[in-house]
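Morning, everyone. I have one structure to show you today, and I'll take the disulfide and then the core.

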Amino acid sequence: MRRSRPAWAALMLATTALLATTLPADAAPATATRTACPTGWGSQAKRHTASTTTPVKNIRTGRHACYDRMVVDIPGAAKGSLGYSVRYVDHLYQDGSGRLIPVGGGAVLEVRVTAPAYDPATGKPTYPARAGHPLPGIDLKGYRTFRDTRFAGSFEGDTQLGLGVRARLPFRVLRVTGHVIVDVAHNWSGAKVT
């Protein structure tokens with residue numbers, strides 16, 4: 001004796017077949033591939049007024065799920081003494097000389113940290129970079145947002161950097177003891193693909 005399928009099972013099979021023909025092949029359930037990233041950073045200039053004579057010792061970068069990160073290391077500097085100015089510019093011009101420093105990418109962030117990249121007592125460099133050249137030891141292969149880094153110089157206690165990014169994207173600036181951190185988001189939507 002042969003059993004017939006219940007009506008609900010037939011309806012379920014028909015619905016599944018209909019959905020399979022109407023959804024694009026690359027569509028995937030939103031909950032399976034997308035998670036939220038921080039939003040609301042904006043792309044307007046950000047600044048904190050403070051300064052230190054503690055010198056910059058290193059600059060490094062890192063890749064994260066939602067953003068690319070640049071960290072300026074100023075060991076021994078208190079959080080309250082760390083000042084910065086970060087903004088999008090059309091071109092990066094070196095302080096003092098006014099020399100144009102080309103920076104690759106679709107947009108350029110000028111990063112200024114109010115800390116020298118030299119020993120104030122001796123004038124000797126504490127960070128081994130040359131004006132107009134990429135930041136030493138940084139390889140941006142595989143980064144989603146960062147495209148280029150340039151050292152503009154250290155003049156009158158300020159260290160000036162150029163950060164080339166894919167496009168004008170939201171960014172934030174954080175201060176923690178001994179570090180100024182610049183995070184640039186991968187996109188405006190706050191979505192990340194995993």
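**Disulfide and core**

Let's start with cysteines. How many disulfides does a search of the whole structure find? It finds 1. Keep in mind that this is a predicted model.

The disulfide joins C37 to C66, with an S to S distance of 2.1 Å. The angle about the S-S bond is -75°, and the link of C37 and C66 is left-handed. Where do the two ends sit? C37 is in the loop between strand 1 (34-36) and strand 2 (46-48). C66 is in the loop between strand 3 (58-63) and strand 4. They are 29 residues apart, so the pair links distant parts of the chain. Are C37 and C66 buried or exposed? Both C37 and C66 are buried.

Now the core. The largest nonpolar core has 33 residues. Which of them touch the most other members? I59, I74 and V184 do. Several strands each supply at least two residues of this core. Among them are strand 4 (67-73), strand 5 (84-89), strand 9 (146-155) and strand 12 (179-185). Strand 8 gives the largest share, 4 residues.

Take a look at V184. Leave aside its neighbours within four places in sequence. V184 is then in contact with W41, Y67, D68, Y88, L109 and T145. The list for V184 also includes F146, L163, V165, L169, P170 and F171.

Apart from that core lies another one, of 6 residues. V89, L92, I101 and A152 are among its members.

That's my tour. Questions, please.

Definitions and conventions. Residues numbered from 1 in each chain as written. Predicted model: local features only at pLDDT ≥ 70, side-chain atom pairs only at ≥ 80, totals over all residues. Heavy atoms only, no water. Core = buried A, V, L, I, M, F, W, Y, C linked by side-chain atoms within 4.5 Å. Buried < 20%, exposed > 50% of the residue type's maximum accessible area, 1.4 Å probe, protein only. Contact = heavy atoms within 4.5 Å. Disulfide = S-S within 2.5 Å.
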